[in-house]
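Biologist: Could you take me through one part of this model in detail? I would like to follow a run of neighbouring strands and the turns that link them.

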Amino acid sequence: MKTGRARRPLTAWAFLAPYAVAVVLLIAVPALLNVGYAFTDHTGLTRDPQFVGLANIRRLLSDGFLLDSLQASLFHVALAVPVRLLAAVGLGLLLAAPRPGGRLFRAAVYLPTVIPDVALAVLFLWVLNPMYGPLNQLLGLFGHPGYTWLADPTTARIGVVLMLAFPIGEGFIVVLAARRLLDGRLYEAAALEGCGPFGQLRRLTLPLLAPVLVLLAVRDTILTLQVNFVPAYVLTDGRPANATLYLPVYIFDQVFEFSGFAYGSLITIMLMAVTAVIIALQLLMVRRWRVLR
Amino acid sequence: MSIEHHAIRLESLAKSYGKVTALAGVDLDVREGELLTLVGPSGSGKSTILRLIAGLERPDGGRIVVNGQDVAALPPHRRAVAMVFQDYALYPHLTVRSNLLFGLRVRRVRRGEADQRAQQAAERLGIADLLDRYPDQMSGGQRQRVALARAVLRDPRVYLFDEPMASLDAPLRFATRADLLALHRELGTATIYVTHDQAEAMTLGDRVAVLHGGQVRQVGRPQEVYDRPADTFVAGFLGSPPMNLVPGGGVLAGTAGVTLGVRPEDLALDADGPLEATVEAVEALGSEAIVLTRCADGTRLAVRTGPRPGVRPGDRVRLRPDPSRIHRFEADNGRRR
């Protein structure tokens, strides 16, 4: 009995070990090294980086490109997270109920998530093409002259958000599953009290899904601040006028293009801080508005 | 009786789900102030009737008349009915107060008035001290009271109860039954109460309707239905243990084409009785005992006796049926003769 009890935690640790080792080696150690490198002159090529104190931080504070980059990232997150959430939640709620053809539509919504980012980005090079892209043609049907999407700073940013509005399958699935778990009798009780579809959405569905929605918002914030790398690289390469020089793009440029490994490391820490601040603000809002019980 | 005296009248109400017939032409009425219990095995259509009256589903045919008005085309909230669900369907994200106010807010009742009415309903049901709790912070009995208060706030012409005690434990159920009856008397509103528990159906109902296979088999005062079951199904369903039914009459000396029935309490152990049987088992229930016997031709007869009947399995006994309490049913369709 006694040995069995003593052994149980050991067994648990043994099962956890492969994952724990990987987390330590591949995530924790590099992350700590990253913090260390941020205060050196490491280029990524030299063998013995030297400690340079706060030099990188001083550079950071006077870096005009970084300001552009930060601005681009904040614009992106402010637009992409609501758009993606709205799409995932809207489609999830619309398609949660069993109805003819529902499977087909659910598969269609999930499909873009399966497509590799690069392929989707190449597809969007065509979609956003001002000469023969379908988007401008669609606008043309309404008499609109269309945009030079990727050549103009604002529309380039919107173009990237547009592309990222499609791979929303994961959030969609979560909403779908969460909505299906809600008790149908609550809706019947509400219907008996004269609560119509919109009332039910406002008074039942959204409050009951609130924990899931908060989770999705937090997750999408983290994700959105990072996954804009691929579209920006394929569609715009950070241009025009640094409009899509999102933080991950700028980090990549610093580290691998300009051999500024140390400086890039410092910016990753900043990206993490930015992410943390945005999430903190979200959670503060959740508390303020009493979204959760 | 004219239609004005009925709070609810169902006329040849029919409903199928795909190929499954849930209701096959149900005629039923509930009088003003009456409590009608609907009882039947699972799948007999009890809950379907409630859902059709409430407007949660549409009938395939027939009429639903509430207060003299055919409501079949009206949406649920315009039918003047309130429903208490089996698991209460309280909104889990709202406090008791907000649960009670939910309907009033939807109906845009002024805030002051709404608060006052919610408070009154809570006091009436004895839950005024629970108003700030959430449903998951309450016991089953307390939740049930909240559900009742919510129904009372609708101020309906008809209450619909869908097995509201199914999830309460036995002692609580006993107490709640009395509370529910008191509330019903106080409100004086017509009520349909669905249950699969025959004891509940008998004790609560002014009248009881027995359902089977989507049809009403019998409606009447509980004792009347018990004493004169309309067919073999009702005879077998009400009463525990059920009525002894002997196809062809057998040991009860019937004629061909009949099924005879006798309730366990209408059979007595009697040394001079006309029936001979062997005791198979004795179920002592404390205040009474059930003696399970088997006759020579294989017919099984249950006998209700006083406590400590003084017989043991294997004993040979003689039984005397009360001749005035033998029920005769048609052998082919089970109807009472």
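Modeller: Let's start with β15 and β16 of chain B, which run antiparallel and are joined by six bridges. Strand β16 of chain B covers residues 300-305. To find your place in this pair, look for I290(B), whose bridge partner in β16(B) is R304(B). The two strands make a hairpin with four residues between them, and G298(B) takes a positive phi near 95° there. Please keep in mind that this is a predicted model.

Now turn to the other partner of the strand we began with. Strand β15 of chain B, residues 289-295, is also joined to strand β14 of chain B, residues 275-284. Seven bridges link them, and these strands run antiparallel. A handy landmark here is V279(B), which has T293(B) as its bridge partner in β15(B). β14(B) and β15(B) form a hairpin too, with four residues between them. In that turn sits G286(B), with a positive phi of about 90°.

To put the strands in context, the domain assignment of chain B gives domain 1 as 3-234 and domain 2 as 242-330. The centres of these two domains, taken over C-alpha atoms, are 39 Å apart.

As for confidence, chain B has an average pLDDT of 91, and 99% of the residues score at least 70. Among the elements of chain B, the highest mean pLDDT, 96, belongs to strand β3 (residues 35-39), while helix α5 (residues 170-187) has the lowest, at 88. For the model, the scores are ipTM 0.85 and pTM 0.83.

Technical notes
Residues are numbered from 1 along each chain as its sequence is written. Chains are lettered from A and ligands numbered from 1 in the order in which they are written. This is a predicted model: local features need pLDDT of at least 70, side-chain atom pairs count only at pLDDT 80 or more; totals for chains, interfaces and linings use all residues. Two strands pair if DSSP finds at least two bridges between them. Domain bounds come from an automatic or database domain assignment. pLDDT is the predictor's confidence in each residue, from 0 to 100.
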